[in-house]
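Me: Could you walk me through one part of this model at an easy pace? I am new to reading structures, so please explain each term as it comes up.

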Amino acid sequence: MTTIARIETFLVAPRWLFVRVETESGIVGWGEATCEGRSETVRAAVDQLAELLVGRDALRIEDHWQVLTKGSFYRGGPILASAVAGLDQALWDIAGKHWGAPVHQLLGGPVRDRIRVYGWVGGDEPGEVRDQISAAVETGLTAVKMNASGRMSAVASVAELDGVVQRVAAAREVLGEHRDVAVDFHGRFSLASARRVAPLLEPYRPFFLEEPVVPENSHLIGEFVRSTTTPVSTGERLYSRQEFLPVLQAGIAVAQPDLSHAGGITEVRKIAALAEVYDVQLAPHCPLGPIALAACLQVGFATPNYLIQEQSIGIHYNLGAEVLDYCLDKTSLTFVDGYVERLTAPGLGIEIDEAAVRAADKRGHAWRSPMWRHRDGSYAEW
């Protein structure tokens with residue numbers, strides 16, 4: 001029987017929310033409903049949505065997705081979409097285990113045998129950037145992503161603009177011509193400042209420029225796209241096909257849905273198909289845990305327009321636990337020469353250490369987003 005018997009959630013360090021769905025026959029599926037800084041709220045949403053799933057057939061994934069996302073008068077947003085994402089991932093994990101196949105096989109079969117990955121690097125000064133990128137290259141990565149800046153003035157000063165250019169120049173110096181650096185604006189720039197700095201970065205040929213405007217200003221992203229020849233990406237704070245459509249129409253080159261925020265595997269597959277219509281590549285956002293990463297990879301192995309995958313092994317947010325700490329087999333998600341090999345085990349392709357998860361949940365976490373202010377005391381985008 002694939003009837004859903006129980007649904008549990010686990011708040012685990014460093015900042016993740018895991019979802020466990022069990023069927024009456026004992027098949028267990030895992031999902032990740034992490035919403036950084038709001039996971040306790042998502043946990044409550046998962047508990048409420050569980051009422052719609054317990055006692056139902058776990059294999060009716062599309063039908064469940066429709067009910068979970070549209071079964072209430074008030075819809076959408078990061079909390080609900082993250083709750084649905086975690087449950088959706090777990091249902092796909094169950095389906096794969098039920099049929100004895102990896103999820104990508106259920107999505108139409110593999111279109112590639114390995115996926116390129118990148119990691120995040122910090123550094124406020126050019127020297128720090130060089131050191132962190134050198135360390136990343138030594139691990140085998142062929143691509144990294146860095147923040148363009150810290151907090152930014154509404155109208156960037158010459159020093160702020162020069163600082164961005166100097167850090168990206170330092171990155172290119174280390175990476176050479178055969179590796180890539182993506183530059184994340186993180187929504188910290190006004191449109192005017194973003195347009196001003198973008199042409200200055202073109203000599204260093206960034207892989208892409210990410211989130212040049214905050215998501216609520218997506219109607220402005222076309223102005224930025226037209227200001228540069230560098231590929232433009234966005235999407236970690238967009239949660240549906242409907243929210244992606246305007247930025248696709250505006251000319252972005254890379255879409256970055258988060259499989260733990262944008263409705264899970266079911267919705268991200270549809271976002272990928274929509275993106276393909278606009279000749280846009282997929283590079284899902286994933287500075288999260290092992291379940292989210294595995295879900296991303298399963299989509300990637302079956303999606304033609306999949307560019308690269310973010311992963312957070314060693315990221316500065318991982319205090320108290322690392323990505324592989326909750327995996328029984330830590331080799332499945334490791335990368336070699338900058339790639340992850342195709343996962344072949346049933347479901348999401350990883351085996352979760354349930355005892356470690358239950359122990360971690362007893363300790364919990366209370367991760368919160370950093371709060372920044374400008375020198376005049378006004379709030380600054382982080």
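How far apart are the end C-alpha atoms of helix H11 (residues 290-301), and what should its 12 residues span at 1.5 Å a residue?

Reply: Happy to help! This is a predicted model, in which local features need pLDDT of at least 70 and side-chain atom pairs count only at pLDDT 80 or more, while totals for chains, interfaces and linings use all residues. Residues are numbered from 1 along each chain as its sequence is written, and side-chain values use heavy atoms, with hydrogens and water left out.

Now to your helix. The 12 residues of H11 should span 16 Å, and its end C-alpha atoms are 16 Å apart, which agrees. The expected span is 1.5 Å times one less than the number of residues. Helices (H or I, at least four residues) and strands (E, at least two) are DSSP runs, numbered from the N terminus.

H11 is largely enclosed by the rest of the structure, because 12 of its 12 residues are buried. Buried means under 20% relative accessible area, exposed means over 50%, and partly exposed lies in between (1.4 Å probe, protein chains only). Among the buried residues of H11 are Pro290, Leu293, Cys296 and Phe301.

Helix H6 (158-175) passes the length check too: its 18 residues should span 26 Å, and its end C-alpha atoms are 26 Å apart. The buried residues of H6 include Glu160, Val164, Val168 and Leu175. Helix H5 (126-138), strand S5, strand S6 (180-184) and helix H7 (191-201) are among the elements that cover them. After H6 comes glycine 176, whose phi is positive, near 70°.

Arginine 172 sits in H6 and is buried, with a relative accessible area of 12%. Leaving out residues up to four places away in sequence, arginine 172 touches Arg179, Val181, Tyr204 and Arg205; contact means heavy atoms within 4.5 Å. Arginine 172 and isoleucine 133 are 39 residues apart in sequence, yet 9.6 Å apart in space, C-alpha to C-alpha.

Just before H6, the loop that starts after S5 (143-147) holds glycine 150. Glycine 150 counts as partly exposed, at 31% relative accessibility.

Next, a helix pair. Helix H3 (residues 77-99) and helix H10 (residues 264-277) pack at about 95°, with their axes 6 Å apart. Axes are lines fitted to C-alpha atoms, for helices over the stretch in contact, and angles run from 0 to 180 degrees between N-to-C directions. H3 and H10 are therefore roughly perpendicular: angles of 65 to 115 degrees count as that, under 35 as roughly parallel, over 145 as roughly antiparallel and the rest as oblique. Ala85, Asp88, Gln89 and Trp92 of H3 meet Gly264, Ile265 and Thr266 of H10.

Finally, the nonpolar core: a set of buried Ala, Val, Leu, Ile, Met, Phe, Trp, Tyr and Cys residues joined through side-chain atoms within 4.5 Å. The largest one has 114 residues, and those touching the most other members are Ile7, Phe18, Val21, Leu87, Phe185, Ile265 and Tyr326. Beyond its neighbours within four places in sequence, leucine 87 is in contact with residues including Ile7, Val19, Val21 and Leu68. A second, separate core of eight residues includes Tyr118 and Ala283. In soluble globular proteins, nonpolar side chains tend to be buried together.
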